[in-house]
Amino acid sequence: MLERVLSLRSRNSQINEEGDEDDESKTRGKHVSFAMRATNYISKIGFLWPCLLFIFFLILADIFVHYRNIMCHSSSFSSSSRDSFYSRFNFFGIDDGLDSDFGLLGVPWCRSKYGKTVEWTSKDLLKGLEEFVPIYETRPIKNNMYGMGFDHSFGLWFISRWLKPDLMIESGAFKGHSTWVLRQANPDTPIVSLSPRHPEKYLKKGPAYVDGNCTYFAGKDFVDFGSVNWESVLKKHGVTDPNRVLIFFDDHQNELKRLKQALKAGFRHLVFEDNYDTGTGDHYSFRQICDQFYIRGGGHSCFKDGDEARLRKKRRKFWEKAVDIGELCGEGEVWWGVKGQMRDDFNHSNKAISFAEHFQNSRFVESVLDVYWELPPVAGPSLTHQTRYDPARVSSPIVEDGRFGFFQRIGLGKFETSVFNGYTQMVYLQVSK
Ligand SMILES: C[S@@+](CC[C@H](N)C(=O)[O-])C[C@H]1O[C@@H](n2cnc3c(N)ncnc32)[C@H](O)[C@@H]1O
Ligand SMILES: *[C@@H]1O[C@H](CO)[C@@H](O)[C@H](O)[C@H]1NC(C)=O
Ligand SMILES: *[C@@H]1O[C@H](CO)[C@@H](O)[C@H](O)[C@H]1NC(C)=O
């Protein structure tokens with residue numbers, strides 16, 4: 001507890017760029033003066049004081065827990081029930097690594113031009129989830145290692161079903177699981193799939209999915225998304241408005257590159273599967289691009305004895321994909337992208353970029369961004385038992401920790417835990433030039 005209080009204090013002096021952190025010290029000031037007055041009072045009472053002091057400490061501890069939660073709520077990433085659920089554990093000194101210290105550090109978020117957001121609500125997501133569970137059970141590819149798990153399958157299904165596009169395009173098909181997901185979302189909508197290896201190749205070895213109403217640019221017919229003549233492909237499918245097309249990228253290419261290519265073709269609705277956090281992943285992502293000092297929760301400190309270093313070290317122990325400061329920072333304290341690199345094509349290319357370049361990239365993204373929406377994880381880690389991504393670096397889950405009954409009732413409990421291990425902040429973007 002004390003350690004946490006101290007960490008709050010030192011953070012306070014560090015981050016003040018937005019001004020609103022100041023409220024924090026005011027609140028604490030109130031607690032402290034209340035504490036002093038109370039102590040004075042206790043000293044007057046005499047023999048009762050050991051007992052009262054004990055109760056008083058309990059209350060004080062509780063206030064801090066609450067105050068920590070309030071701070072977490074001011075960022076849009078923490079869930080109230082999750083926080084209170086885990087704070088309760090922490091209150092009793094059980095540090096299970098689930099509490100959201102990062103809720104305090106904050107998590108970067110891409111800013112859209114006019115602050116527009118998606119139409120759907122968390123209620124819609126919950127309803128969709130109930131519907132999707134029985135669909136997911138019928139998936140043809142049960143073992144989709146290296147491909148999508150439950151969270152992103154749900155996200156892609158939900159978004160494409162909501163948007164009801166005239167054409168769905170996917171880049172990166174692997175065995176065809178995502179093609180199948182798109183098909184479940186919209187049974188009568190044509191699909192275009194780009195992938196160097198045709199999914200039918202996988203059929204020889206085991207389960208795969210080949211769609212009857214999909215145009216494959218695969219195998220010897222493979223063309224990279226950036227080289228396709230989209231005008232002619234759209235025409236062939238009778239689509240006149242590129243605004244009515246949904247693009248799904250799961251091809252591990254630099255997302256800035258893909259964004260520019262999509263804009264050039266006039267596409268506006270884009271979903272990116274692997275929106276890796278800073279310091280992780282094999283291609284430059286929007287999460288990375290928007291990780292900037294001027295954005296709340298963005299920017300990093302490579303200072304070895306700093307709060308971030310200490311926090312990361314701690315969280316690294318609990319979550320496989322969490323990175324400590326040594327993994328985050330390269331030589332010369334370069335932290336943006338992955339150690340100052342802009343990665344592309346499954347990390348086959350990794351170009352060092354300057355901070356100025358990285359900064360310009362985020363300004364460019366912001367200049368074309370109408371909506372940025374990260375799919376929340378499907379359920380909290382105490383329910384899914386996922387061990388990979390740090391829950392404090394992501395939005396509040398659709399099914400929050402503690403809702404075990406609901407989790408079971410909608411049938412999520414019957415899946416192998418490995419299907420919940422692949423979450424990487426899938427993102428839906430709406431863009432315009
Ligand atoms: C992670 S897998 C895709 C998983 C799949 N979406 C699923 O449903 O599980 C990445 C795929 O991208 C393919 N790929 C590699 N380079 C590509 C490119 N330039 N364009 C499209 N796909 C590419 C790979 O061959 C691989 O099949
Ligand atoms: C393709 O889509 C059309 C129109 O929805 C449908 O009539 C046809 O059965 C589909 N073909 C296959 C092989 O799924
Ligand atoms: C990415 O490529 C770089 C340079 O070739 C290499 O040092 C690094 O280990 C690679 N990372 C991963 C995760 O493959």
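This briefing describes the fold, the central sheet and the ligand surroundings of one protein model. The model is predicted. The protein comprises 18 helices and nine strands, and 42% of its 433 residues are buried. Of the contacts between residues at least 6 apart in sequence, 66% link residues at least 24 apart.

**The sheet**

- Seven strands make up an open sheet with mixed pairing, and their order is 3-2-1-4-5-9-8.
- The edges are occupied by strand 3 (214-218) and strand 8 (369-374); each has a single partner strand, so one side of each is left without a neighbour in the sheet.
- On average, neighbouring strands of this sheet are turned by 15° against each other, direction ignored.
- In general terms, strands of a sheet pair through backbone hydrogen bonds, in either a parallel or an antiparallel manner.

**Strand 1 and its partners**

- In the strand order, strand 1 stands between strand 2 and strand 4.
- With strand 4 (residues 245-249), strand 1 pairs in the parallel sense over five bridges.
- Within this pairing, Leu167 is positioned opposite Val245 of strand 4, and Met168 is positioned opposite Leu246 of strand 4.
- Strand 1 also runs parallel to strand 2, to which it is joined by four bridges.
- On the strand 2 side, Ser171 has Leu194 opposite it.
- Strand 1, helix 8 and strand 2 together form a β-α-β unit that is right-handed.

**Burial of strand 1**

- Strand 1 covers residues 167-171, and five of its five residues are buried; it is therefore largely enclosed by the rest of the structure.
- Both faces of the strand are covered.
- One side carries Leu167, Ile169 and Ser171, and the other carries Met168 and Glu170, with all of these residues buried.
- Glu170 is thus listed among the buried residues together with Met168 on its face of the strand.

**Surroundings of ligand 1**

- Ligand 1 is surrounded by 20 residues, of which the closest are Gly147, Gly172, Phe174, His177 and Ser178.
- Two or more residues of this shell come from each of helix 8 (177-185) and strand 2 (191-195).
- Helix 8 and strand 2, which contribute to the shell, are also parts of the right-handed β-α-β unit that includes strand 1.
- Sorted by class, the shell contains seven nonpolar, nine polar and four charged residues.

Terms used. Residues are numbered from 1 along each chain as its sequence is written. Chains are lettered from A and ligands numbered from 1 in the order in which they are written. This is a predicted model: local features need pLDDT of at least 70, side-chain atom pairs count only at pLDDT 80 or more; totals for chains, interfaces and linings use all residues. A residue is buried if 20 or more other C-beta atoms lie within 10 Å of its own, exposed if 12 or fewer, and partly exposed in between; C-beta atoms are placed from the backbone. Two residues are in contact if their C-beta atoms, placed from the backbone, lie within 7 Å. A residue is near a molecule or strand if its C-beta atom, placed from the backbone, lies within 6 Å of it. Ala, Val, Leu, Ile, Met, Phe, Trp, Tyr, Cys and Pro count as nonpolar, Asp, Glu, Lys and Arg as charged, and the others, Gly among them, as polar. Two strands pair if DSSP finds at least two bridges between them. A crossover is right-handed if, with the strands pointing away from the viewer, the path from the first strand over the helix to the second runs clockwise. Axes are lines fitted to C-alpha atoms, for helices over the stretch in contact, and angles run from 0 to 180 degrees between N-to-C directions.
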